[in-house]
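Let's take a walk through this protein together, from the overall fold down to a few individual residues. Have the sequence and the 3D view open as you read.

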Amino acid sequence: MMDWTDRHDRFFLRLISRHALLYTEMVTAQAVVRGDRRRLLGFHGQEHPVALQLGGSEPALLAEAARIGAGFGYDEINLNVGCPSDRVQSGRFGACLMAEPALVADCVAAMRAAVAVPVTVKCRIGIDDQDAEEALSRFVDEVAAAGCRRFVVHARKAWLRGLSPKENREVPPLDYGRVYRLKAARPDLDIVLNGGIQTLDEAEGHLARVDGVMLGRAAYHTPYVLAEADRRLFDPAAPVPTREEIVERFLPYVEAELACGVPLKAMTRHILGLFHGVPGARGWRRHLSENAHRPGAGVEVIRDALRAVANREAVPA
C-alpha cells in the first residue's frame with residue numbers, strides 16, 4: 001500500500017474502527033536510518049494500534065530501523081517480504097527475498113534483538129516457479145525458528161518476471177487453501193490471511209480457519225467496510241459510526257493539519273470512497289476532486305461535499 005496508507009489515511013481509518021490493526025506504508029530501512037525520521041515515521045497518538053512496515057535485506061540496518069521505529073511508539077514492526085514492485089526488487093528486498101529464507105531469518109533475529117515489540121513478516125505463498133506448497137513451508141519454518149510468531153500471508157504467488165505490480169495483485173490465482181493448510185500444520189503460529197478479501201462476511205468466513213485477516217485495497221477504496229468490524233469481530237457492544245459522524249470527527253484533524261501547512265488534497269484523497277455505494281457518492285467524490293486542490297482550500301470544501309451527499313444526487317455511485 002505504498003503511497004496510500006500514510007498518516008492521514010490511518011487517522012481517518014481509525015475513526016471508523018477503534019480496534020483494527022493499522023499498517024504504515026512500507027518504508028525502507030535505509031530511509032528510516034538516514035532520512036527525515038519525523039516525516040517518515042511521525043504519526044498521531046490516536047492511530048494505535050499501528051504497525052511499522054519496513055523493507056530491506058541487511059540485518060544490521062533493519063535492526064537499527066526497527067529500534068528507531070519502536071522508539072517512535074509503533075506497536076509492531078513488520079518486515080515486508082511480499083511486495084513485487086521493480087524498485088523493490090532492485091534494492092534486494094520485498095518478494096524476491098522469499099528465495100532467501102535464511103537471510104530473512106537473520107533479519108528477523110536482528111530486529112527482535114533490537115526491540116521489545118513483536119516483529120512480524122508479510123509474505124506471499126511463493127514466487128515465480130517455486131512449488132508453493134514446499135517453498136512456503138520451508139520459508140515459514142526457517143523464519144519462525146528465528147523467533148517470528150506471526151506471518152501475514154498474501155494468498156497469491158508473486159511473479160517477479162513477466163507481471164507488473166498491478167498484475168501481481170490480480171493475475172496469480174488466489175489459493176486460500178494453501179494458507180489454511182499452513183495454519184493447520186503450525187497451530188502455534190499466528191497466521192493472518194491477505195489477498196482479495198472484500199467484505200466482513202468474507203473475513204468472518206476465513207477467521208474460522210486462520211487467526212486474522214488483512215484488508216488492503218478494500219479498506220482503502222471502500223473504507224466504510226470497516227464500520228461494523230469492531231462490533232462483529234472485537235466487541236459486540238461497540239457503536240457503528242455513520243459516515244456523516246466519521247466526517248465530522250475528521251474535520252478537527254483536518255483543521256489542525258491545515259494550520260501546519262498540509263494541503264487539503266493530501267487528506268481528502270483518502271476519503272473519496274467513504275460514500276461508495278450510496279446515493280450522492282458521485283457528488284461527494286466530484287466536489288472533493290474538483291476543489292480540494294485549489295489554493296487556500298479548507299474544511300469548507302469537505303462540508304460542501306457532505307451537503308452534496310445530503311442532497312442525495314441520484315446518479316450511480
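A good place to begin is D9, in this predicted model, which sits in helix α1, spanning residues 7-16. Is D9 buried or exposed? D9 is buried, and yet it has no salt bridge. The nearest side chain of opposite charge belongs to R10, 7.3 Å away, whereas a salt bridge requires the nitrogen and the carboxyl oxygen to lie within 4 Å. Setting aside neighbours within four places in sequence, the residues in contact with D9 are W4, Y220 and H270.

Now zoom out to the whole chain. The protein has 16 helices and seven strands. Its radius of gyration is 20 Å, close to the 20 Å that the globule rule gives for 317 residues, so the protein is as compact as a globular protein of that length. Taken along the principal axes, the C-alpha atoms fill a box of roughly 55 × 45 × 40 Å. Of the 317 residues, 53% are buried. If you look at contacts between residues at least 6 apart in sequence, 71% of them join residues at least 24 apart.

The surface and the charges round out this overview. The accessible surface comes to about 13,900 Å², and carbon and sulfur atoms account for 51% of it. The protein carries 41 positive and 41 negative charges, and the mean positions of these two sets are 2 Å apart.

For a look at a buried loop residue, turn to M98. You will find M98 in the loop between α5 (86-90) and α6 (101-114). With a relative accessibility of 2%, M98 counts as buried, because the cut-off for that class is under 20%. Which residues does M98 touch, not counting those up to four places away in sequence? The list is V81, C123, R124, I125, G126, I127, Q130, L136 and F139. As a yardstick for distance, M98 and M2 are 96 residues apart in sequence, and their C-alpha atoms are 20 Å apart in space.

Next come the salt bridges. How many does a search of the whole structure find? The search gives 17 salt bridges. One pairs E133 with R178, whose closest N and O atoms are 3.5 Å apart. This pair links distant parts of the chain, since E133 belongs to helix α7 (residues 132-145) and R178 to helix α9 (residues 176-185), 45 residues apart. The two partners differ in their surroundings: E133 is partly exposed, with a relative accessible area of 35%, while R178 counts as buried at 2% relative accessibility.

Helix α7 also hosts a salt bridge of its own, between R138 and E134. Here the closest N and O atoms are 3.1 Å apart. Because R138 and E134 are four residues apart in helix α7, about one helical turn separates them. R138 counts as partly exposed at 38% relative accessibility, and E134 counts as partly exposed at 42%.

A further salt bridge joins D188 and R149, with closest N and O atoms 2.9 Å apart. D188 lies in the loop between α9 and β6 (190-194), and R149 in the loop between α7 and β5 (150-158), so the pair ties together parts that are 39 residues apart in sequence. D188 is exposed, with a relative accessible area of 56%, whereas R149 counts as partly exposed at 40%. Elsewhere, D201, E204, E228 and R232 are linked in a network of salt bridges.

Let's finish with the backbone. Most residues other than glycine have a negative phi, and most peptide bonds are trans. Against that background, two places deserve a look. A cis peptide bond joins H48 and P49, with omega at about -5°, and P49 lies in the loop between α3 (37-41) and β2 (50-55). The second place is D128, a residue other than glycine whose phi is positive, near 45°. D128 is found in the loop between β4 (119-127) and α7, and at 7% relative accessibility D128 counts as buried.

Definitions and conventions
Residues are numbered from 1 along each chain as its sequence is written. This is a predicted model: local features need pLDDT of at least 70, side-chain atom pairs count only at pLDDT 80 or more; totals for chains, interfaces and linings use all residues. Side-chain values use heavy atoms; hydrogens and water are left out. Helices (H or I, at least four residues) and strands (E, at least two) are DSSP runs, numbered from the N terminus. The radius of gyration is taken over C-alpha atoms; the globule rule is 2.2 Å times the number of residues to the power 0.38. Buried means under 20% relative accessible area, exposed over 50%, partly exposed in between (1.4 Å probe, protein chains only). Contact means heavy atoms within 4.5 Å. Accessible areas come from the Shrake-Rupley method with a 1.4 Å probe; for residues, only the protein chains shown count as cover. Lys and Arg count as positive and Asp and Glu as negative; His and the chain ends are not counted. The place of a charge is taken as NZ of Lys, CZ of Arg, CG of Asp or CD of Glu.
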